[in-house]
Amino acid sequence: MASRTSRLTKNQKMQLCGLLGNVDLTFLYKASVHGYNAAYFHQRCDRQGPTLLVAYNSSGYIFGGYTSKDYTQSGQYVTDEDAFLFSFQGKVPVRIKINSGHHARLDDSRGPNFGQQLYFCYNNQPTVINQGVSAFNINTALMYGNDGNLTECEVFKIEQISQVSPEKKAWRNVVWTTNRREELVKLIKTHKVSSVNRARILMIGPVGAGKSSFFNSINSIFMGRMTNKAMAGSSGTSLTTQFRRYPLKDGRDGKPLPFVLCDTMGLEEQTGAGLDIEDISSIIQGLIPDRYQFNPVAPYEPNEQKSSRPPSLQEKIHCVVFVIDVTKISLMSSKLEDKFFAIRRKLNSLVQVQEVSSRLGVPVSCVLPVKNYSQELELNLNCDLLLLTAVQQMLRLADDYFDDISPTEGKP
Ligand SMILES: Nc1nc2c(ncn2[C@@H]2O[C@H](COP(=O)(O)OP(=O)(O)O)[C@@H](O)[C@H]2O)c(=O)[nH]1
Ligand SMILES: [Mg+2]
């Protein structure tokens, strides 16, 4: 049966988004599922705003086009200076701009066309044809190897992602009121984690990203005053060199909260420095004890320890959070980026965290902007709201993880 997910790899998707700026792709139509049929195409793609079409042919080419204007079957010519065609040349998509003075499309009830030149799903067939008009300067040999047989055709809705600057603009529906703060505090306090007593949330990220500060900030909210239990600060290399599990309480003598934040040494770009990928894997499997002193030149050796029984579900990690400093994201070195990818691959190879790891990179709903308490002396409503919203989302993701693993595993 045809799958309802896109054939694009994450990297290809990212590359295509790169052509369009800060955007997200939402799946609208997939020909192998919905049919190579203009009526079905319009049913799913009309009045959706800007869209991206991605076609695949039997020679392995990936190509398509973007239009910033709605499909509406108006029968009118559409002017759209932002429209373009693209084709992957190797790993990167190359953009072909529309020539000035040309219409980007004829907005009729037939299948999608670009510049009345390139027709996709022509005559309700898995076919692309070039009508030879010159709205776009294309070289069909380069673009799709002159192979008009489509093996798939997908259409995505393009959604702009506002800049991650929550203080300036409500890019997500955060309600900035004390009532909402109280509500979130209550939701978190009373959150029932399925299968275990407390969700274990692991924070990983570069040195100085704010992992320790995140714990301190959450702890401060529930303590009602600034706390600095996890050592946070500025230094080129990691201040945190131990694995620490920080349980949280609702106030000094209060009840335990339903989650534990796990702090680690930072990732560093050199191999053999900072947190090791093997160590991360051991942490996630629940093998590494609290206060374990990391050795940056050698990973943790499970055999050395007296661990005779396999760790229980409670001892494993249920949610992994990548902590990143948004002001430094454009400076992130490619070596560090490679480390991130290596970690994601490692997470993927651990069956139990598949669900969690697949959420690590791309989905926007999993990007949680926060402002940690770093210089403040007093708690601040806006910071609290972002921090609490992040915790709430982490607890939900941990729940997804529990839902995803087999029910027998949750039993003691
Ligand atoms: N401006 C600002 N500084 C932060 C924030 N979070 C942490 N910091 C500062 O960044 C530095 C590194 O933070 P730390 O928590 O030790 O990072 P870690 O290495 O990931 O544990 C410290 O000087 C913090 O005060 C934040 O949200 N905003
Ligand atoms: Mg730290």
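Just after helix α7, G286 takes a positive phi of about 80°. This is a predicted model, so please read each value here as computed from it. Helix α7 spans 277-284, and D279, I280, I283 and I284 are buried in it. These buried residues cover an arc of only 135° around the axis, which puts them on the same side of α7.

Two residues that are not glycines have a positive phi as well. One is R291, with a value of about 65°; the other is C121, whose phi is near 55°. R291 is found in the loop between α7 and β15 (319-322), while C121 is found in the loop between β9 (118-120) and β10 (128-130). Are these two loop residues buried or exposed? C121 has 25 other C-beta atoms within 10 Å and is therefore buried, since the cut-off for that class is 20 or more. R291 counts as exposed, because it has 9 C-beta neighbours inside 10 Å and the limit for exposed residues is 12 or fewer.

The strands on either side of the C121 loop, β9 and β10, also belong to a sheet. That sheet is open, has 3 strands in the order β8-β9-β10, and its pairing is antiparallel. Its edge strands are β8 (113-114) and β10, each of which pairs on one side only. Between β8 and β9 the antiparallel pairing runs over 2 bridges, and N113 stands opposite Y119 in β9.

Now to the interior. The largest nonpolar core has 46 residues, and I201, L202, M203, L261 and C319 have the most contacts inside it. At least two residues of this core come from each of β12 (199-204), α6 (211-223), β14 (256-263), α7, β15 and α10 (381-404). Helix α10 gives the most, with 11 residues. A second, separate core has 39 residues, including L28, L53, A83 and F84.

What does L202 touch, leaving aside its neighbours within four places in sequence? Its contacts are C262, I283, I284, I317, V320 and V321. Two of these partners, I283 and I284, are among the buried residues of α7.

Two further residues are worth a look in your viewer. Q393 is found in helix α10 and G254 lies in the loop between β13 (244-249) and β14. For each, the table gives a partner, with the distance taken from C-alpha to C-alpha.

| Residue | Partner | Apart in sequence | Apart in space |
|---|---|---|---|
| Q393 | V367 | 26 residues | 9.7 Å |
| G254 | F222 | 32 residues | 9.3 Å |

Why does Q393 count as partly exposed? Q393 has 16 C-beta neighbours inside 10 Å, and that class lies between the limits of 12 or fewer for exposed and 20 or more for buried. G254 counts as exposed because it has 12 C-beta neighbours inside 10 Å.

Finally, there is the ligand site. Which residues come nearest to ligand 1? Of the 18 residues around ligand 1, they are G210, S212, S213, N372 and S374. The shell around ligand 1 divides into 5 nonpolar, 11 polar and 2 charged residues.

How values were computed: Residues numbered from 1 in each chain as written. Chains lettered and ligands numbered in written order. Predicted model: local features only at pLDDT ≥ 70, side-chain atom pairs only at ≥ 80, totals over all residues. Near = placed C-beta within 6 Å. Nonpolar A, V, L, I, M, F, W, Y, C, P; charged D, E, K, R; others polar. Helix = DSSP H or I, 4+ residues; strand = E, 2+ residues; numbered from the N terminus. Pairing = 2+ DSSP bridges. Core = buried A, V, L, I, M, F, W, Y, C linked by C-beta atoms within 7 Å. Contact = placed C-beta atoms within 7 Å. Arc of directions from axis to C-beta.
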